[in-house]
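Here are a few short exercises to work through with the model open beside you. Try each one yourself before reading its solution.

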Amino acid sequence: MKNFNNKNDKRMEHSFISISATLAEPHLLKNIVEKLAGRRYDIGYGREKVKRGWQAIETSSIEAHISGDMNISCKSDFMQIPFVNCFLFTCIKGKEDGYQLTWASSLS
């Protein structure tokens with residue numbers, strides 16, 4: 001494994017490091033999260049009266065463990081590191097809509 005923090009390596013002075021994450025089966029994950037976000041009861045926030053042009057929404061958040069790969073690259077070096085991590089997913093629902101995934105945060 002390449003040490004990206006080697007201060008004596010002159011070629012690292014002006015290089016860029018790219019970091020990305022790939023989730024396992026993201027479309028399936030989105031579908032499952034939106035279904036789990038649905039409640040058996042309606043709190044009623046989605047029917048509140050709001051200013052013209054605005055829309056009242058319901059929110060629902062769930063916690064789930066997600067797997068994927070973290071990809072780190074620097075010039076010609078590349079590392080792929082598998083991960084399993086806990087995320088918090090937040091969905092919103094309008095008055096006439098179903099829940100839609102809008103936000104995800106890592107809990108680590």
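**Exercise 1.** Is Cys86 buried or exposed? Then classify Cys91 in the same way.

*Solution.* This is a predicted model, and the values here are computed from it. Start with the cut-off: a residue is buried when its relative accessible area is under 20%. Cys86 has a relative accessible area of 10%, so Cys86 is buried. Next, take Cys91: its relative accessibility is 0%, so Cys91 is buried.

**Exercise 2.** How many disulfides does the model have?

*Solution.* Recall that a disulfide is a covalent bond between the sulfur atoms of two cysteines. The step needs a distance cut-off, which is 2.5 Å between the sulfur atoms. Applying that rule gives 0 disulfides.

**Exercise 3.** Trace the pairing of strands E2, E3 and E4.

*Solution.* Begin with E2 (residues 58-74) and E3 (residues 77-93), which are antiparallel and share 17 bridges. To check the register, find Ser61 and look across to E3, where its bridge partner is Thr90. Now follow the chain through the hairpin: 2 residues lie between E2 and E3, and Lys75 in this turn has a positive phi of about 50°.

Move on to E4 (residues 100-106), which runs antiparallel to E3 with 6 bridges between them. Here Cys91 faces Leu101 of E4. The hairpin connecting E3 to E4 contains 6 residues.

**Exercise 4.** Where is confidence lowest, and where is it highest?

*Solution.* First take the whole protein: its average pLDDT is 80, and 79% of the residues score at least 70. Then compare elements: helix H1 (residues 26-37) is lowest with a mean of 81, while E3 is highest at 90. As a reading rule, predicted coordinates should not be read in detail where pLDDT is low.

How values were computed: Residues are numbered from 1 along each chain as its sequence is written. This is a predicted model: local features need pLDDT of at least 70, side-chain atom pairs count only at pLDDT 80 or more; totals for chains, interfaces and linings use all residues. Side-chain values use heavy atoms; hydrogens and water are left out. Two strands pair if DSSP finds at least two bridges between them. Helices (H or I, at least four residues) and strands (E, at least two) are DSSP runs, numbered from the N terminus. Buried means under 20% relative accessible area, exposed over 50%, partly exposed in between (1.4 Å probe, protein chains only). pLDDT is the predictor's confidence in each residue, from 0 to 100.
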